[in-house]
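Me: I am new to this structure. Please show it to me, then take me through it in short questions and answers.

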Amino acid sequence: MNNKALKTLEYDKIIKQLTEYATTKSGKDRCEKLTPFTDLEKIETMQQETGDALSRLLKHGNISFSGVHDLRSAMKRLEIGGVISITELLSFCSLLDVCSRALAYNRAEKANDTIDSLSPYFDAITPLSPVKEEIRRCILSEDEIADDASSTLKSIRRSKKHTVDRIRTEMNSIMNSAGSILQDNVITMRNSRYCLPVRSEYKNQMPGMVHDQSSSGSTFFIEPMAVVKLNNELTELELQEQEEIQVIISNLSNLVGEHVEELRENIRMITRLDFIFARGMLAKEENAMKPVFSTDGVIRIRKGRHPLISKDKVVPLDIHLGDDFDLLIVTGPNTGGKTVSLKTVGLLTLMGQAGLHIPAGDRSQLSLFKEVYADIGDEQSIEQSLSTFSSHMTNIVEIGKKADERALVLFDELCAGTDPTEGAALAISILNDCMHRGAKIMATTHYSELKVFALSAPRVENACCEFDVETLSPTYRLLIGVPGKSNAFAISTKLGLPNYIIEDAKKRLDSSSQSFEDVLTDLEMKRVSLEESLEAASKYEKEVQTLKDELSRKKDDISLKRQRLLQEANQEASQILAKAKEVADETIRDFNKYASEAPSLKEMEEKRAKVREEMKKAQSSLSISKKKAPTTSGKPLKLQIGDKVKVHSLNLTGTVHSLPDAKGNLFVQMGILRSQVHVSDLSLIEEPSAFSKQPKSKGRVSTHGLNKSSSINTEINLIGMTVDEAIAVLDKYLDDAYLAHLESVRIVHGKGTGALRNAVCNHLKHLNYIKSYRQGAFGEGDAGVTIAEFK
């Protein structure tokens, strides 16, 4: 990319913002050197890295890489076996601290088993914890080595402390006996040796070595002879201490030198991550997103915002170029936003190709350009004696030489600053030439001739920046497909220019210009009206959709409530039937007891009353079914007493016990329950041949006539029925057979899959009046028949 376009489009200001987010010097250097790329694969890789960094920042917060210093010279010395300083050792330790922080930050992502484009960079970092801990153990600060750095150093410092204590003891003894010959009763240091301040007139009375004297000459600093030997010992210990410290530093340097390659890789990875996360933090600050790139020259920016304009002031722009047209001519009044829209397209293109996210809406598309050319702003040069027009034309000439199908060209006020007629003609020719070269072009102008050119030429489109004449302020909305007006007359009128001047100016316009302006005014009025209509239609559409969603939600609620009510009703019916079955079983036992014993009339009446009461309760519990609206439609059923029917609301079968009345209600007997239902809730069931025509059993007949039937077959045929239908028929048949005092019955269910046979056996197992049951023997039907015996 040419540097002139980068500066013109203020790309350098974006780089300055990016650099502020980097925390290492090497990271800042990479940010400052970032320029747009022309390799699509490289751009996609950097965009993915920026996106992954943004994702991590949003999930886990910010990360700091501060603490990395320039260690290149130190590593070169380590590579040749040299020794580095304490400060450099601590810098390496600081680097390893940053590595540990980075790995801890990455652990949160690893905990979710997430792998992204940044994972390899984190994985390439080596923590070198033993090296860091050893440096921390030995070096407390730049000026202090720990006593425990080595046993020798610890011993030397212990001896040094003991020697100092002896020197102080001896010096204190001398001070106590010296009397008035001392200037002050203090122990001082001169040339790293312990001395006493002696008055000048008494210097000969203090045997020892003179090391210094005061500026006034009144005090001599004398090392007493008694401590000379101890001071010498202390000096020797200090020399030994420094030698041992050098040994320790040398050992630490060798330890760090063993890991130079790992440290160099750590610095490289930390620098790269710092650079990537700086891009991520810039994207977070700008609320930016990853653009989609193509190579077909098509730009579709949705809600694009200029990144250098304050968020609360910038107006998002929708711009597309290269799809239906290759040249977009933007017109409109001054300060209306024409140049901003021009710069927005150029700057977002540069940012995208540099691997930075762009402040725009989702699914915004950019195209890969080899060059971006821009002629924007005042190019007047006093030093080169060039006017504004000449400076612009010099730049335009250079652009014309280099523009091709892989170039984006941006012209601001093309060919302004000269005669309008000649300037307009020249501008049209320049734009035509760039189009023929295949470039994608966006240009701003005030020339009406260019508006006409856009209306007539192929693959050229008009656009304007909207301006509110009533408030004399631009709205900064870019409207593609609509040519703009300069609004000079309207603005001048609002600002107070007399009407007679405005009218005189209008008369001086030629008829074609006046007509064209009138057409633009009419188009603008129609556009505003159409936008208002579309806005109202959109509002109504949203309201309709809201009502539709609410209706759908209510429908779903009703469906769920209906299902719940049916489920509850079925459960309640099952409970009632189970209770009724218990009452029926108890009644059968009583009937059997009364068949063998002489019952009391009163006792039987009580039992019957009890059964009647249970039936009333059951019928009352099922009252909800009576109130249900008819659920089936069709021709009225022709029912007769004794017909077999199915009650849909209860999912039960029964027998018609009365004909329908005028309202269509009739009584149906379902087992021992007798309920009133509507004829529309019934469907007629063809009576299956449940009982085969065989000789009637010689079963016992109750002496009290309480049996269900005086004669019943000893065999029931369930073949062809479903399990539910067969069990219902079988249950009623067994009740009747037991009341008829049959000793055993033959149940024909067939072989098939065995499901019906298993259901029959399972049902017989739970009946307390069944003594036993078995599979039919040879000649009785084998596995297709079950023989049941009553108690």
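Reply: Two strands pair if DSSP finds at least two bridges between them. Keep in mind that this is a predicted model.

Me: In what order do the strands of the mixed sheet stand?
Reply: This open sheet has four strands, and their pairing is mixed. β22 (715-717) and β24 (770-775) have a single partner strand each, so one side of each is left without a neighbour in the sheet. Averaged over neighbouring strands and ignoring direction, the turn is 20 degrees. The order is β22-β23-β25-β24.

Me: Which residue in β25 stands opposite Val745?
Reply: Strand β23 covers residues 744-748 and runs antiparallel to β25. Five bridges join β23 and β25. Opposite Val745 stands Ala788.

Me: At what angle does helix α22 run to β24?
Reply: Helix α22 spans residues 755-765. The helix lies across β23, β24 and β25. Its angle to β24 is about 160 degrees.

Me: Why is the pair of Tyr738 and Phe790 called tilted, and what is the angle of its planes?
Reply: A pair of aromatic rings is described by the distance of the centres and the angle of the planes. Planes under 30 degrees apart would count as stacked, and over 60 as edge-to-face. The centres of Tyr738 and Phe790 are 5.7 Å apart, and the pair is tilted because its planes stand at 35 degrees.

Me: How many residues apart are Tyr738 and Phe790?
Reply: Tyr738 belongs to helix α21 (residues 723-739), while Phe790 belongs to strand β25 (residues 785-790). The pair links distant parts of the chain. The separation is 52 residues.

Me: Is Phe790 buried or exposed?
Reply: The cut-off for buried is under 20% relative accessible area. Its partner Tyr738 has 12%, so Tyr738 is buried. Phe790 has 7% relative accessibility, so Phe790 is also buried.

Me: What kind of aromatic pair do Phe122 and Phe277 form?
Reply: Phe122 lies in helix α7 (residues 119-123) and Phe277 in helix α11 (residues 260-286), 155 residues apart. Both are buried. Their centres are 6.4 Å apart, with 75 degrees between the planes. The pair is edge-to-face.

Me: Which residues form one aromatic cluster with Phe122 and Phe277?
Reply: The count of aromatic pairs is six. Phe122 and Phe277 form one of these pairs. In the cluster they are joined by Phe65 and Tyr105.

Me: What is the strand order of the antiparallel sheet?
Reply: This sheet is open and has four strands. Its edge strands are β3 (188-190) and β5 (208-213). Neighbouring strands are turned by 50 degrees on average, direction ignored. The order is β3-β4-β6-β5.

Me: Which residue in β6 stands opposite Gly208?
Reply: β5 and β6 (residues 219-224) pair over five bridges. The pairing is antiparallel. The residue opposite Gly208 is Pro224.

Me: Which helix lies across β4, β5 and β6?
Reply: Helix α9 (residues 151-178) touches β4 (193-199) and β6, and makes about 10 degrees with β4. Another helix, of residues 228-257, runs at about 145 degrees to β4. The helix across β4, β5 and β6 is α10.

Me: How far is Arg190 from the ring centre of Phe221?
Reply: Arg279 lies over the face of Phe275, at 4.8 Å from the ring centre. Arg190 lies over the face of Phe221. For Arg190 the distance is 3.9 Å.

Terms used: Residues numbered from 1 in each chain as written. Predicted model: local features only at pLDDT ≥ 70, side-chain atom pairs only at ≥ 80, totals over all residues. Heavy atoms only, no water. Helix = DSSP H or I, 4+ residues; strand = E, 2+ residues; numbered from the N terminus. Axes fitted to C-alpha atoms, helices over the stretch in contact; angles between N-to-C directions. Contact = heavy atoms within 4.5 Å. Phe/Tyr/Trp six-rings, centres within 6.5 Å; stacked < 30°, edge-to-face > 60°. Buried < 20%, exposed > 50% of the residue type's maximum accessible area, 1.4 Å probe, protein only. Lys NZ or Arg CZ within 6 Å of the ring centre and 35° of its normal.
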